[in-house]
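Hi everyone, thanks for coming. Please have the sequence and the 3D view open in front of you, and we'll walk through a few places together.

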Amino acid sequence: MPEGPELHLASHFVNEACRGLVFGGCVEKSSVSRNPEVPFESSAYCIAASARGKELRLTLSPLPGAQPPQEPLALVFRFGMSGSFQLAPGDALPPHAHLRFYTAPPGPRLALCFVDIRRFGRWDLGGKWQPGRGPCVLLEYELFRENVLRNLADKAFDRPICEALLDQRFFNGIGNYLRAEILFRLRIPPFEKARTVLEALQQRRPSPELTLSQKIRAKLQNPDLLELCHSVPKEVVQLGGKGYGPESGEEDFAAFRAWLRCYGVPGMSSLQDRQGRTIWFQGDPGPLAPKGRKSRQKKSKATRPSPEDRAENPPPPIKAPSRTRRAWRDPPEKTATQQPEGTSPQQDPEAPTVPEKGRRKGQRATPGGLSSAPASGEGRGTTDTGSSGEDGMAVQDPMDKGGGEAVGAARPGSLR
């Protein structure tokens, strides 16, 4: 899902794509979006973008002489789990384009679209960054570092370091894949107490005898956790792509996949933290690992059993609870807790839905205990609760639940 680097790539894309374009008319919102209408209309205006942490600001500025007279309007976007921007022909809008800005004539009509497949993204009018978010790890490094070290007494740092890294009051821009990569590079157990890890940085001072070049070299060769919170996102921005590059579909994510060292990589272990989000790591998880939860290790394709092995050693038959024919035909409606709005941070989009127990009286079971329900119904009735995308002031960032990664792709085929 989009983290700090993806928001910065989106900002760069908007500025490059909209350079020299003149937009005009009303801003159009899809009928299914629950975000606010954008009360802006101008015969000629330009669009510019800037990013800070996990937010992107879009500014609409009327050109001289544009009618009706209109003050500039700014919107702040949070991308949720699948938000991105695309520039498309006005008569061929991409699916799930929930906010559209159209170019003015003459010339082919284009539309800058905020595309959000899962509809957890949000935009707010007024242009103010969400209150409570800390300095951006990419653009405000010194302020970010000072803000963390000055507030180590906060109870947020009583928690495991992997959970503290998602607290946007202190780590604005860090998300699920970034926390895994940062901790992996330093060999820090994800469930080590955050304060224990960070207190040592308060005493870290370079030797006064070192020259400036030696100090820089030492910092590059032995970065601490807060320095990596700045440099690792920069690496992702420098990779480019991720839906905003010249390649199409999955090819635009190839460099990013090759860059990953830990997140979702075969051989790495994973655990769910106390908020239900998956953390990838290697080795010991640390003293604050949730009790009763066993880590899972992702196997490489080479270690998976071949068809011949499976034929020689068939697994025991699995008893699966059957479902009534009506349940397969008419899956239950989503409840309030399954809707995107107001989703609790404790919900985990990766957690499998518990199947219904038992079967309708009189229904016959097929051999082996399997239901007679058709195979084509497999998976119906399960809902992906996901995240509300409203990650703002909460101590934990609901945008980072689960191990799935919906990075800020501008095209279908985002890494999940």
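I'll begin with the whole chain, then visit two sheets and finish with some helices.

One thing to keep in mind from the start: this is a predicted model. The protein chain has 416 residues, and buried ones make up 48% of them. Its secondary structure comes to ten helices and twelve strands. Now think about contacts between residues with a separation of 6 or more: 71% of those in the chain link residues 24 or more positions apart.

Let's go to the first sheet. In what order do its four strands sit? Reading across, the order is β2-β7-β8-β6. The sheet is open, and its pairing is antiparallel. As a reminder for anyone new to this, strands of a sheet pair through backbone hydrogen bonds, and they can do so in a parallel or an antiparallel way.

Which strands stand at the edges of this sheet? They are β2, residues 28–29, and β6. Each has a single partner strand, so one side of each has no neighbour within the sheet.

You might wonder what that says about β6, so let's look there. Strand β6 covers residues 83–89, and five of those seven residues are buried, so the rest of the structure largely encloses this strand. So β6 has one side without a neighbour in the sheet, and yet the strand is largely enclosed. Please also find helix α1, residues 4–18, which lies across β6 and β8. Helix α1 runs at about 15° to β6.

How many bridges join β6 to β8? There are seven, and the two strands run antiparallel, with β8 spanning residues 110–116. You can follow the pairing with your finger: G83 has D116 of β8 as its bridge partner, and A88 is matched with A111 of β8.

At the end of that strand, have a look at P89, which belongs to β6. Is P89 buried, exposed or partly exposed? It is partly exposed, with a relative accessible area of 41%. If we leave aside neighbours within four places in sequence, P89 is in contact with R109 and L110. The C-alpha atoms of P89 and A111 are 6.0 Å apart, although 22 residues separate the two along the chain.

Now for the second sheet. This one is also open and antiparallel, with three strands in the order β11-β10-β12. Its edge strands are β11, residues 278–281, and β12, residues 296–297, and each of them pairs on one side only. Strand β10, residues 269–272, is joined to β12 by two bridges.

A good residue to click on here is S269, which sits in β10. Its bridge partner in β12 is Q297. The relative accessibility of S269 is 12%, so this residue counts as buried: the cut-off is under 20%. What does S269 touch beyond the residues up to four places away in sequence? The answer is I279, W280, F281, S295, R296 and Q297.

Let's finish with the helices. Start with α5, residues 194–202, where A194, R195, V197, L198 and L201 are buried. Seen down the axis of α5, these buried residues fall within an arc of 160°, so they line one face of the helix. A handy rule helps here: an α-helix has 3.6 residues a turn, so residues three or four places apart point the same way. What covers the buried residues of α5? The cover includes α2, α3 and α7.

Of those, take α2 with α5. Their axes come within 10 Å and cross at roughly 115°, and the crossing is left-handed. R145, V148 and L149 of α2 meet L198, L201 and Q202 of α5. By class, that contact has four nonpolar residues, one polar and one charged.

Then there is α2, residues 141–150, with α7, residues 225–239. Their axes also come within 10 Å, and they cross at roughly 145°. This crossing is right-handed. On the α2 side the contact uses Y141, F144, R145, V148 and L149, and on the α7 side L226, E227, C229 and H230. Those residues divide into six nonpolar, one polar and two charged.

If you remember one spot, let it be R145, V148 and L149 of α2: these residues take part in the contact with α5 and also in the contact with α7. Thanks for listening!

Terms used
Residues are numbered from 1 along each chain as its sequence is written. This is a predicted model: local features need pLDDT of at least 70, side-chain atom pairs count only at pLDDT 80 or more; totals for chains, interfaces and linings use all residues. Side-chain values use heavy atoms; hydrogens and water are left out. Two strands pair if DSSP finds at least two bridges between them. Buried means under 20% relative accessible area, exposed over 50%, partly exposed in between (1.4 Å probe, protein chains only). Axes are lines fitted to C-alpha atoms, for helices over the stretch in contact, and angles run from 0 to 180 degrees between N-to-C directions. A crossing is left-handed if the near helix is turned anticlockwise from the far one by less than a right angle, and right-handed if clockwise. Contact means heavy atoms within 4.5 Å. Ala, Val, Leu, Ile, Met, Phe, Trp, Tyr, Cys and Pro count as nonpolar, Asp, Glu, Lys and Arg as charged, and the others, Gly among them, as polar. The arc is that of the directions from the helix axis to the C-beta atoms.
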